[in-house]
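Let's take a look at how the helices in this one pack together. Here's the model, followed by a quick tour of its nonpolar cores and one helix pair.

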Amino acid sequence: MAQAPHTAETTADTHPPRTGPVVAVLAFGGIVVALMQTLVVPLVPDLPGLLHTSASDASWAITATLLAGAVATPVLGRLGDMYGKRRMLLISLGMLVAGSVVCALSDSLAPMVVGRTLQGFSSGVIPLGISIMRDELPAERLGSAMALMSSSLGVGGALGLPGAAALAEHADWHVLFWVSAAAGVVVIALVLAVVPESPVHGGGRFDVVGAIGLSAGLLCLLLAVSKGADWGWTSALTDGLFSAAVVILLLWGRWELRTGAPLVDLRTTARRQVLLTNLASIVIGFAMYGMSLALPQLLQLPEVTGYGLGQSMMTAGLCLGPSGLVMMAVSPVSARITATWGPKVSLLLGSAVIAVGYLLAIVLMAEVWQIVLVSCVIGAGIGFAYAAMPALIMSAVPVSETGAANGLNTLMRAIGTSTSSAVVGVVLAHMTTRLGPLAVPSENGFRTAFAMGAGGAVVALLIAALIPGKGADRPSATAAGVPAGPRPVRQG
């Protein structure tokens, strides 16, 4: 008689998995990637001089990372589902190290853009890490671990800003990238030592046509969004890119629906829970990024304006740093709420708290402590919302597609932040007041930006209210290959 297969429960009882180090390493990797994305923020005013180029061209050091991350995240997620998530995680971290070294050796625009593009390919670390957690962790640990991993993006961004500002003020700017490279090497070593390869592989052929189509469509869309203010929103180039994005993405969608092994399973993506969560992610990303754009400028504007707070770059970074700690602190609370009432409630709560934070910002912008309070409230909301999103996605997709599904969700957030960067940037650039020969954002400009952030959070709240309740849209065992909850059994 054939031997009965081991169950996930008996395996866990016989060999209790040491999941703590896995969670810690993956979360640390997410924080390092977020640090990479904030490295150049303190350098933005000085980049034209440092790279011997114009301000418009210097902005490619930021735009290149955005574009590379948007393209790489869903592609690496699918490759992770097919060939191993740990393998793709290591490749992503290798790109981070390589890009950091190239930037550290750069003194002109071209190599800097190349290095920042390579760094952008590491954006898949967080969705890949969340997918590894689903494969490796027991159900009772999964919620809190995913919440911590998802919040690492905000934590790294908030903590990285003051650190990068301190290094930029007191050391050669190349040191920023050497630190990034060293941190990447440390994460690679820890992943090799601690994180196992997932036993769950989706198989199939890689959809090359789908990858090219999605990449081309995203490049056109995000180029138009991120550079439209420089090129002119009604210019032929901007309108042409928007039009091309629509046409390419429609053709891409038609291909994905007809091919046997799509890059993104649009039928799964069209499930109500997945679709609404991704839409909410776009709006949450929009709301989140407004804080990163407006608050540092408000803190650093001279007091002579009547509303600026006259703080240094480093002090401004330190004022926003506590919001990252708040994000980390609320992640276990979000996991508990998710376990009790479902991730929909966590997303609703997060959206509401973000809206409250921005409404507070409209009336509390006269003192440094008020800005710290506002950033912490918004940070708490982001922590709740970001922790809920992967739980909503993974409870509604087959286990063999978690990498691609999480990658797509991360992409939706990136589209939201890119749109916020463009829209809020236009508001602050056009609602100005004179400060000597300079035009600086006006007090009403900041209030308008905060109102837009609150509006985005309210839209996310309304979308989240339409998401099915706890467990309403889970994939069946037949569709998923295995049940969504228990972790798969490791063979051998």
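This is a predicted model, and a good place to start is its largest nonpolar core, which has 50 residues. The members that touch the most others in that core are L347, I354, Y358, I382, F446 and F450. Which elements give two or more residues to it? They're α9, α14, α15, α16, α17, α18 and α19, and their residue ranges are in the table.

| Element | Residues |
|---|---|
| α9 | 139-170 |
| α14 | 272-300 |
| α15 | 313-341 |
| α16 | 343-363 |
| α17 | 368-394 |
| α18 | 402-430 |
| α19 | 443-465 |

The largest share comes from α14, with 12 residues.

Zooming in on L347: leaving aside residues up to four places away in sequence, L347 touches A280, A385, A388, M389, L392, A464 and I467. There's also a second, separate core of 49 residues, and V75, L76, L96 and L142 are among its members.

Now for the helix pair. How do α6 and α7 sit relative to each other? The axes of α6 (residues 85-104) and α7 (residues 109-120) come within 7 Å and cross at roughly 165°. Angles over 145 degrees count as roughly antiparallel, so that's what α6 and α7 are to each other. Their crossing is left-handed.

On the α6 side, the contact is made by M95, L96, A98, G99, S100, V102 and C103, while α7 brings P111, M112, G115, R116, L118 and Q119. Sorted by type, the residues of this contact come out as 8 nonpolar, 4 polar and 1 charged. L96 turns up here in the α6 contact with α7, and it's also in the second core.

Conventions:
Residues are numbered from 1 along each chain as its sequence is written. This is a predicted model: local features need pLDDT of at least 70, side-chain atom pairs count only at pLDDT 80 or more; totals for chains, interfaces and linings use all residues. Side-chain values use heavy atoms; hydrogens and water are left out. Axes are lines fitted to C-alpha atoms, for helices over the stretch in contact, and angles run from 0 to 180 degrees between N-to-C directions. Helices (H or I, at least four residues) and strands (E, at least two) are DSSP runs, numbered from the N terminus. Angles under 35 degrees count as roughly parallel, over 145 as roughly antiparallel, 65 to 115 as roughly perpendicular and the rest as oblique. A crossing is left-handed if the near helix is turned anticlockwise from the far one by less than a right angle, and right-handed if clockwise. Contact means heavy atoms within 4.5 Å. Ala, Val, Leu, Ile, Met, Phe, Trp, Tyr, Cys and Pro count as nonpolar, Asp, Glu, Lys and Arg as charged, and the others, Gly among them, as polar. A nonpolar core is a set of buried Ala, Val, Leu, Ile, Met, Phe, Trp, Tyr and Cys residues joined through side-chain atoms within 4.5 Å. Buried means under 20% relative accessible area, exposed over 50%, partly exposed in between (1.4 Å probe, protein chains only).
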